[in-house]
Amino acid sequence: MSDYQLIIIGSGPAGTAAAGQAARLGLHTAVIENDKPGGTCLNRGCIPTKALLHVSGLVSDFKREQAHGILEGEAAVNPGRLFAYKDEICEKLSGQVEASFRTAKVDLIRGKAVLLPGNRVRVGERILTAQDVILAAGSVPVIPPIPGMDLPEVMTSEEILKGTDALPSSLVIIGGGVIGIEFATFYSDLGVHVTILEGMDRILPTLDREISQNLARILKKRGVTICTKAMVTRCEGGSGSPVTVRFKTGEEEQSVTCGNVLCAVGRKPAAEGLLNEDLQKELRMDGRRIAVDEYFRTSVPHVYAVGDLSSKIQLAHAASAQGTACVNHIAGKPSVYTADAVPSCIFTKPEIAAVGLDEQTAKDAGIPAAAGRAVLFSNARTVLATDERCFMKVIAGREDHRILGAQLMCGRSSEIISEITEAIVNGLTVEQMLAVIRPHPTFHEALTDALRDLAGKLG
């Protein structure tokens, strides 16, 4: 007899969701965690950055109303207290994850897990056995092989989130993806001069081009310097002195000097040390990721991999959905994971959210589609909340009028995008979505304007 029906390695979003579903289905389950419950997202990623952005957003709002002569005084921030507040939020939520395991009668085992042949898991001196094992160890920051990346002033996102008692005098961010952009928003809100060095031709290169261009204009207006097609060659100085970051744009060599550097070029699966040598040879890989099938099965029988270990989509909610779907398959239940309808959100100001296809992707795939737009100049909530240009775009098929995707850049877009996601999953048409009455005054009601524009183009 095995010690457990299911062992889950990692307690991030994928592992936590898997454990919850396993408990609901009556599987005797253990979760092995080498750090704080909640994984990277809760302790070193999504949640701490949102805690910081919440406060910096308040500062930004104060400055806006101050410029209008409505509020007076200074919006001063205590960096040490701010990062302590972030830690308090994370500790509270991590404690709730641990409590949820106790309530569900899931065993939480502390320690570094190594998977051995025969579905055996070594944790310290203990050897545990299970009928099935789910690998959900998450990801770690990528550190490119650039000279000077080991300087104390050069940090990953996880290191910079630890915080200090003082803000940096200036910050260079290597990478203009989601992580880099959110940190650029936070630090620029607090008055730190930020320079973004992005290797591609635009920031947020995987998103709709209009969103990238619009956000670049907004960030530059706030004092952020953006250099695209910039390939960093080395970092020099540091160790208590300013850091000089050298980079090339084409054949031109340039440099920028700063107080600190944030390396935000992406994350990679945390697979190192997860399996012993024999299993490493047996496990099939897909580049850096563990290769899995549609049910998250690896090439090793009864071993599954979910979340950032195996997925191209490194998002907490995608990982949670995968964890649940994986356990359903293990338990012989219907397993559903809709990979083409995973929303992505960026907590800039205004927020950005996208799901499904954009115009260019649909065109490249040969899908007859049309896009409806609404610019929120006359949306009351937008006028009240921001001076920035906000918009919504919704994509639908020309033949069946079904919703294919949307790109939003406006207040509360991280919440509004769920309506579009639901429409894609359930095959709703433009006409069906237009039948919905959206409340006034909300950001949400601008979605009706975009759908009306789309209906007019579809005829």
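P441 sits in the loop between α13 (430–434) and α14 (446–458). The peptide bond that joins H440 to P441 is cis, with omega about 0 degrees. A second cis bond runs from K349 to P350, with omega near 0 degrees; P350 belongs to the loop between β20 (344–346) and β21 (352–356). Most peptide bonds are trans, and most residues other than glycine have a negative phi. K229, in the loop between β11 and β12, is not a glycine and yet has a positive phi of about 55 degrees.

The model is predicted: local features need pLDDT of at least 70, side-chain atom pairs count only at pLDDT 80 or more, and totals for chains, interfaces and linings use all residues. Residues are numbered from 1 along each chain as its sequence is written, and side-chain values use heavy atoms, with hydrogens and water left out. Helices (H or I, at least four residues) and strands (E, at least two) are DSSP runs numbered from the N terminus.

Two strand sheets are described here. Strands pair if DSSP finds at least two bridges between them. Both sheets are open, as the table shows.

| Strand order | Pairing | Edge strands | Average turn between neighbours |
|---|---|---|---|
| β12-β13-β14 | antiparallel | β12 (230–237), β14 (252–258) | 25 degrees |
| β8-β15-β9-β10-β11 | parallel | β8 (154–156), β11 (225–228) | 20 degrees |

In the sheet of three strands, β12 and β13 (residues 243–249) are joined by seven bridges. A230 has T249 of β13 as its bridge partner. In the sheet of five strands, β8 is linked to β15 (residues 260–263) by three bridges in the parallel sense, and T156 stands opposite C263 in β15. Helix α6 packs on this sheet and touches β9 (170–174), β10 (193–198) and β15. The direction of α6 makes about 165 degrees with that of β10. Such angles run from 0 to 180 degrees between N-to-C directions, and axes are lines fitted to C-alpha atoms, for helices over the stretch in contact.

Helix α6 (residues 178–189) also meets helix α3 (residues 46–67): their axes come within 8 Å and cross at roughly 45 degrees. The two helices are therefore oblique to each other (under 35 degrees counts as roughly parallel, over 145 as roughly antiparallel, 65 to 115 as roughly perpendicular, the rest as oblique). Their crossing is left-handed, the near helix being turned anticlockwise from the far one by less than a right angle; clockwise would be right-handed. Contact (heavy atoms within 4.5 Å) involves residues including L52, L53 and V59 of α3 and F183 and F186 of α6. By class there are five nonpolar, five polar and four charged residues.

F186 also takes part in one of three aromatic pairs in the structure. Its partner is F83, at 6.4 Å centre to centre and 85 degrees between the planes, which is edge-to-face. Rings of Phe, Tyr and Trp (its six-membered ring) pair if their centres lie within 6.5 Å; planes under 30 degrees apart are stacked, over 60 edge-to-face, and the rest tilted. F83 lies in α4 (residues 79–103) and F186 in α6, so the pair ties together parts 103 residues apart in sequence.

Helices α1 (residues 13–24) and α9 (residues 316–330) pack at about 35 degrees with axes 7 Å apart. Their crossing is right-handed. Among the contact residues are A14, A17 and A18 of α1 and A319, G323 and V327 of α9. This contact has eight nonpolar, five polar and no charged residues. Nonpolar covers Ala, Val, Leu, Ile, Met, Phe, Trp, Tyr, Cys and Pro; charged covers Asp, Glu, Lys and Arg; the others, Gly among them, are polar.
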